[in-house]
Amino acid sequence: MASVQAEPYEFTFDPRSCALLIIDMQRDFVDPGGFGEALGNDVSLLRRAIAPIRKVLDAARRKGMLVIHTREGHRADLSDLPQSKKLRGRLKTGIGDAGPMGRILVRGERGHGIVDELKPAAGEPVVDKPGKGAFYATDLDAMLHHRGIRQLVVCGVTTEVCVQTTVREANDRGYDCLVLEDCVASYFPEFQAAALKMIKAQGGIFGWVGDSARFLEGLAGA
Ligand code: TIU
């Protein structure tokens with residue numbers, strides 16, 4: 001068993017029944033010249049998470065933990081893209097349109113891919129999700145269930161959108177989530193702070209919040 005100093009109290013887990021879940025570290029959100037930046041966001045705020053996630057990823061791989069990556073995106077024919085999502089934002093260049101790195105958030109396009117620094121290794125499942133939450137319209141729950149996973153260590157972007165939605169979905173399905181605060185990021189620092197507060201509020205109503213250093217220390221002692 002591993003024990004990680006976290007809030008609101010220590011998070012204990014067995015690396016065999018705990019998975020590392022890395023949410024949407026895709027070029028379109030994180031890289032300069034991608035969709036996120038085209039929307040006027042400062043991607044450097046998101047890029048700060050890359051190095052700490054890399055350390056956590058390396059350690060999880062060494063321990064033999066299950067590592068799962070997600071990508072937000074749609075089929076090339078956009079048949080899984082709700083009209084509401086397509087129209088929202090009134091963007092001149094939106095989902096499915098030709099963007100700086102191929103068609104925006106379309107599977108198989110360069111911008112939809114995971115950044116080189118966090119490239120999935122052979123054998124690590126990559127979950128393609130059409131929504132913000134990683135459980136909606138995906139086989140993630142089945143995958144976790146069949147591997148006997150009960151707890152998740154969650155990293156990725158953005159904290160208040162895809163990360164928080166996924167943590168809420170996981171919570172309702174009976175999974176414990178530890179969110180590593182330096183391994184999640186937002187274009188909006190105030191949303192990052194608020195989302196982390198919500199997760200650990202009221203004694204951990206949705207889960208736990210820790211950081212990469214404390215996680216690595218805990219995992220080393222497992
Ligand atoms: N991955 C993820 O959070 N997708 C988003 O749409 N994020 C925003 O912040 N919009």
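Hi everyone, let me start right at the ligand: one of its nitrogen atoms sits 3.0 Å from a polar backbone atom of valine 157. Taken on its own, the ligand has 280 Å² of accessible area, and the protein covers 83% of that. Before I go on, please keep in mind that this is a predicted model.

So what else does the ligand touch through its nitrogen atoms? Aspartate 24 offers an N or O atom of its side chain at 2.7 Å from a ligand nitrogen. Glutamate 72 also takes part, with a polar side-chain atom 2.9 Å from a nitrogen atom of the ligand.

Now let's step back to the whole shell. Which residues surround the ligand? They are Asp24, Phe29, Glu72, Lys132, Val157, Thr158, Val161 and Cys162. Sorted by class, that shell comes to 4 nonpolar, 1 polar and 3 charged residues.

On to the space itself. The ligand takes up the space of the largest pocket, and the volume of that pocket is about 540 Å³. How many residues line the largest pocket? The answer is 22, and the ones nearest its centre are Phe29, Phe35, Leu39, Lys132 and Val161. Phe29, Lys132 and Val161 are names you have just heard, as they also belong to the ligand's surroundings. By class, the pocket lining holds 11 nonpolar, 5 polar and 6 charged residues.

Which helix gives the most to that lining? It is helix 7, with 3 residues. Helix 2, spanning 35-38, helix 5, spanning 83-87, and helix 7, spanning 159-172, each supply at least two lining residues.

Let me finish with the backbone, and we can stay beside the ligand for a moment. Valine 157 and threonine 158 are joined by a cis peptide bond, with omega at about -15°. Both of these residues are part of the ligand's shell, and valine 157 is the one whose backbone atom I opened with. Threonine 158 lies in the loop that runs between strand 8, residues 151-157, and helix 7.

There is another cis peptide bond to look at, the one from glutamate 7 to proline 8, with omega near 5°. You will find proline 8 in the loop between strand 1 (2-4) and strand 2 (11-13).

And one last residue for you to click on: leucine 105. Its phi is positive, about 50°, although leucine 105 is not a glycine. Look for it in the loop between strand 6 (102-103) and strand 7 (126-129).

Thanks for listening!

Notes: Residues are numbered from 1 along each chain as its sequence is written. This is a predicted model: local features need pLDDT of at least 70, side-chain atom pairs count only at pLDDT 80 or more; totals for chains, interfaces and linings use all residues. Side-chain values use heavy atoms; hydrogens and water are left out. A residue is near a molecule or strand if one of its heavy atoms lies within 4 Å of it. A polar contact is a pair of N or O atoms within 3.5 Å; within protein, one must be able to donate a hydrogen and the other to accept it, and residues adjacent in sequence count only if both atoms are side-chain atoms. Accessible areas come from the Shrake-Rupley method with a 1.4 Å probe; for residues, only the protein chains shown count as cover. On a 1 Å grid over the protein atoms alone, a cavity is a set of points where a 1.4 Å probe fits but cannot get out, and a pocket is an open set with protein on both sides within 12 Å along at least five of seven lines; lining residues have an atom within 4 Å of a point. A molecule sits in a cavity or pocket if more than half of its atoms lie within 2 Å of its grid points. Ala, Val, Leu, Ile, Met, Phe, Trp, Tyr, Cys and Pro count as nonpolar, Asp, Glu, Lys and Arg as charged, and the others, Gly among them, as polar. Grid points are joined across faces, edges and corners, and a volume is the space filled by probe spheres set on the points. Helices (H or I, at least four residues) and strands (E, at least two) are DSSP runs, numbered from the N terminus.
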